[in-house]
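Open the model in a viewer with selection by chain and residue number. The stops below are meant to be taken in order.

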Amino acid sequence: MKALILVGGFGTRLRPLTLTLPKPLVEFGNRPMILHQVEALAAAGVTDIVLAVNYRPEVMINVLQKYEEEYNVKITFSVETEPLGTAGPLKLAGEILGKDDSPFFVLNSDVICEYPFQALAAFHKSHGQEGTIVVTKVDEPSKYGVVVHEPNHPSRIDRFVEKPVEFVGNRINAGLYILNPSVLNRIELRPTSIEQETFPAMVKDGQLHSFDLEGFWMDVGQPKDFLTGTCLYLSSLAKKNSKLLTPSTEPFVHGGNVLIDPSAKIGKNCRIGPNVTIGPNVVIGDGVRLQRCVVLAGCRVKDHAWVKSTIVGWNSTVGKWARLENVTVLGDDVTVADEVYVNGGCVLPHKTIKANIDIPAIIM
Amino acid sequence: MSNYNKAVILVGGPSRGTRFRPLSLDLPKPLFEVAGHPLIWHPLCAIAKVPSIKEVILIGYYDETVFASSIRQWATEFPGLKISYLREYTALGTAGGLYHFRDAILKGNPKRIFVLNADVCCSFPLREMLEVFEEKEAEAVLLGTRVQGDAAQKFGCIVADPTTSKVRHYVEKPEGHISNLINCGVYLFSSTVFSLIRTAMDAKAERLASDPTVDPTDGDSSSVLRLEQDILGPLSDSRRFFVYETRDFWRQIKTAGSAVPANALYLQKAFQNEPETLAKPSANIVPPVFIHPTAQVDPTAKLGPNVSIGPGAVIGAGVRIKESIVLEDAEIKHDACVLYSIIGWQSKVGAWSRVEGTPMAVTEHSTTVVKGGVKVQSVSILSRECKVNDEVRVWNCVCLPYKELKRDVSNEVIM
């Protein structure tokens, strides 16, 4: 089987992290975001993966070569010379996606969930029509495009309603699809939107079904959602009693959902959790309090620091008695001096913060 | 005439010093402790070092019982000084109070009289003032200091002859710039000061009598006289008043927030002169730090600079305290951080919490900052028996007694 991952551009919404690494390589739950997707696709029997990008960083090529061997898949870059929207990249990769009659998966690279590829493929085959989109239930459908089914049909889509004022349903497009190669004939090679052009045309022909996603779903394309997505991911690991999580019997684990790389060192009298990931080679000092945060590889969090709702970028240092909170994001190699308070600071790489940041600000 | 001197400390009363709230809600301001001692102890200590001063009279309108036990304690600490408290029953003004108790002050025929305001924090260079007094054959010597910019307008401004230091002009809180040399509220008078006060009283009575807008039954009688406005101002030009300009630290202690810089200044002075009275510097003690012998400080806590820990206070493991006063029986739990703050008696600060004020220079005479368009105290203050829950942040807040803070607060007065 085949798949296309829509990576797109520079991931500016996830800056300052994406100033250092391309978004697909930023670690989510201690593994590059794209690895979650490659692994799930390979497990579902996918052998050809196309990454639709509009730039091609060398670092990504090297990392993905490693994954090709590890997961026995072929990964191809499809580089847009101009942005082609969400449908154009499918046409651009038409040669690979259309090389045989089997359907192909399409994924937005920002989406994190328990990818249901096998079940999705089976369901798609069972209804026999051109496309299936995965839908997820949300509390506030008014912020999204809502999927409405045909009356008395459990899955065939009747229409899409963009940001509905009145309640018409609570299922939204989750950004994961499976499509027959025939769909490629519906797409022209120009900037075009799969949501606004291709899918409505398929709906008109009664060719599009929906598939309900079980479990969590999050678009983690920006820091706030990245943190929320991390919480959801860790909770799902906990539900599955995953061995990846640090056992709650560790004295420093508080409230569970803690994922610590084995190479990280934790000091004495810390209280860590809930919802914390700690990357490789991180050193956590004594008496540190961490909650709802992501500490990326190579960081040092010094004694007695307090960190909440924060992404601590690679190789950064958090000083003694520092306090970080309210969606603070430190880029690569940032230093926060001892005793400093950072409230919602977005700090670009290689900066040193010596004075309090009392109100949310971008530190260039 | 004898070479025997007396000192008077003007301590005010409960209806004064309201700007020191909430710390003065259940303790008279002169007894509030900075650098390990009550505010009023610091001038007393300076007085005790001048051998010619044998007696100190505290004048104020607090109840007599307020200072009784402190005075007993000071009697043993300063055996060369006779210390007593005289209570004014109506507020007579600083000069009016002096005049009212003139018989007690003049008893024993002292040659000179120091008059000190209790709400001043400085090095009290009394000996130097005495030298100027002798050399100039003065009637009065004022302690003066230079301040920066337009800060002078909040104080009494002195214009002095640059060569002789004779006072030529004195204005209390002028509207415009007069001078950056200001009155420190520490004076040395000849015993003839009472005749000057009498003269000023008569002049004021005459002025009031001839002023048809004054109702003679209201409070502003001629016996209500202030040293600054009614004596120094009108008489400075015609009398032998001199100024001794100190280059040492000086600041007023008006607001509760000013206790933090006052604490810092007195600790720095003690560290220079008597470092053995302070905690020994180490990796976790950044001097100057005062720790009361009955306080328990975990060895992993890092304290200083400019920190005072009161009697019976308990400081937990991995705590950080800087530029702050922790009062009697307060408890700071592990990994908490206290910066630029005052932690009140019996208050409890939770684990990983952060109580924080805004850094201000000790030479800065203002103790407020504007945050989000609101004027707030630059320090955070917890009054008696307040509680900050674990992991909560308190920033630029004043918290009245017996309050519990369960969530983050900033730029607020918590009633």
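Start by colouring the two domains of chain A separately: in this predicted model, their centres, taken over C-alpha atoms, are separated by 32 Å. For the selections, use 2-219 for domain 1 and 240-362 for domain 2 of chain A.

**Stop 1: between the domains of chain A**

Show the residues at the boundary of these two selections. On the domain 1 side of chain A, 11 residues are in contact with 19 residues of domain 2 of chain A. The buried area between domain 1 and domain 2 of chain A is about 1,100 Å², with 71% of that area coming from carbon and sulfur atoms. Now select A:Pro16, A:Leu17 and A:Asn30: in domain 1 of chain A these residues lose the most area to domain 2 of chain A, and together they make up 52% of what that side buries.

Next, look for polar links across this boundary. There are zero salt bridges between domain 1 and domain 2 of chain A, and the count of residue pairs in polar contact, with both residues at pLDDT 80 or more, is two. The side of domain 1 of chain A that touches domain 2 of chain A consists of five nonpolar, three polar and three charged residues.

**Stop 2: two backbone details in chain A**

Select A:Gly273 and A:Pro274 and display the backbone. The peptide bond joining A:Gly273 and A:Pro274 is cis, with omega about -5°. A:Pro274 sits in the loop between β16 (271-272) and β17 (276-278) of chain A.

Then move to A:Ser309, in strand β21 (residues 306-312) of chain A. Phi of A:Ser309 is positive, near 45°, although the residue is not glycine.

**Stop 3: where chain A meets chain B**

Keep chain A on screen and add chain B. Here 18 residues of chain A are in contact with 20 residues of chain B. About 1,500 Å² is buried between chain A and chain B, and carbon and sulfur atoms account for 42% of that area. Pick out A:Trp321, A:Arg323 and A:Glu339, which supply 45% of the area that chain A buries against chain B, more than any other three residues.

How many salt bridges are there between chain A and chain B? The count is six. One to display is the pair A:Arg289 and B:Glu391, whose side chains meet in a salt bridge at 2.5 Å, N to O. Polar contacts can be added to the view: 15 residue pairs, both members at pLDDT 80 or more, are in polar contact across the interface of chain A and chain B. Among the elements to highlight on the chain A side are β19 (289-295) and β23 (323-325), each of which supplies at least two residues of the side that touches chain B. Sorted by type, the residues of chain A on this side are seven nonpolar, five polar and six charged.

**Stop 4: between the domains of chain B**

Hide chain A and split chain B into domain 1 (5-252) and domain 2 (278-409). The C-alpha centres of these two domains of chain B are 32 Å apart. Across the boundary, 14 residues of domain 1 of chain B are in contact with 17 residues of domain 2 of chain B. The area buried between domain 1 and domain 2 of chain B is about 1,300 Å², and 66% of it is given by carbon and sulfur atoms.

Select B:Pro22, B:Leu23 and B:Arg251. These residues supply 39% of the area that domain 1 of chain B buries against domain 2 of chain B, more than any other three residues. The elements giving two or more residues to this side of domain 1 of chain B are β2 (33-34) and β13 (250-252). The side is made up of 10 nonpolar residues, one polar and three charged.

As for links across the boundary, domain 1 and domain 2 of chain B have zero salt bridges between them and one residue pair in polar contact, both residues at pLDDT 80 or more.

Stay on B:Pro22, which lies in the loop between β1 (5-12) and β2 of chain B. The peptide bond joining B:Arg21 and B:Pro22 is cis, with omega about 10°.

**Stop 5: an annotated stretch of chain B**

Finally, select residues 285-413 of chain B, which an unreviewed UniProt entry annotates as "domain: Mannose-1-phosphate guanyltransferase C-terminal". Over residues 285-413, chain B is 0% helix and 42% strand. The end C-alpha atoms of this stretch are 32 Å apart.

Notes: Residues numbered from 1 in each chain as written. Chains lettered and ligands numbered in written order. Predicted model: local features only at pLDDT ≥ 70, side-chain atom pairs only at ≥ 80, totals over all residues. Heavy atoms only, no water. Domains from an automatic or database assignment. Contact = heavy atoms within 4.5 Å. Buried area = accessible area lost by both parts, 1.4 Å probe. Salt bridge = Lys/Arg side-chain N within 4 Å of Asp/Glu carboxyl O. Polar contact = N/O pair within 3.5 Å; in protein donor to acceptor, adjacent residues only side chain to side chain. Helix = DSSP H or I, 4+ residues; strand = E, 2+ residues; numbered from the N terminus. Nonpolar A, V, L, I, M, F, W, Y, C, P; charged D, E, K, R; others polar. UniProt positions renumbered as here; feature names shortened; annotations may be inferred.
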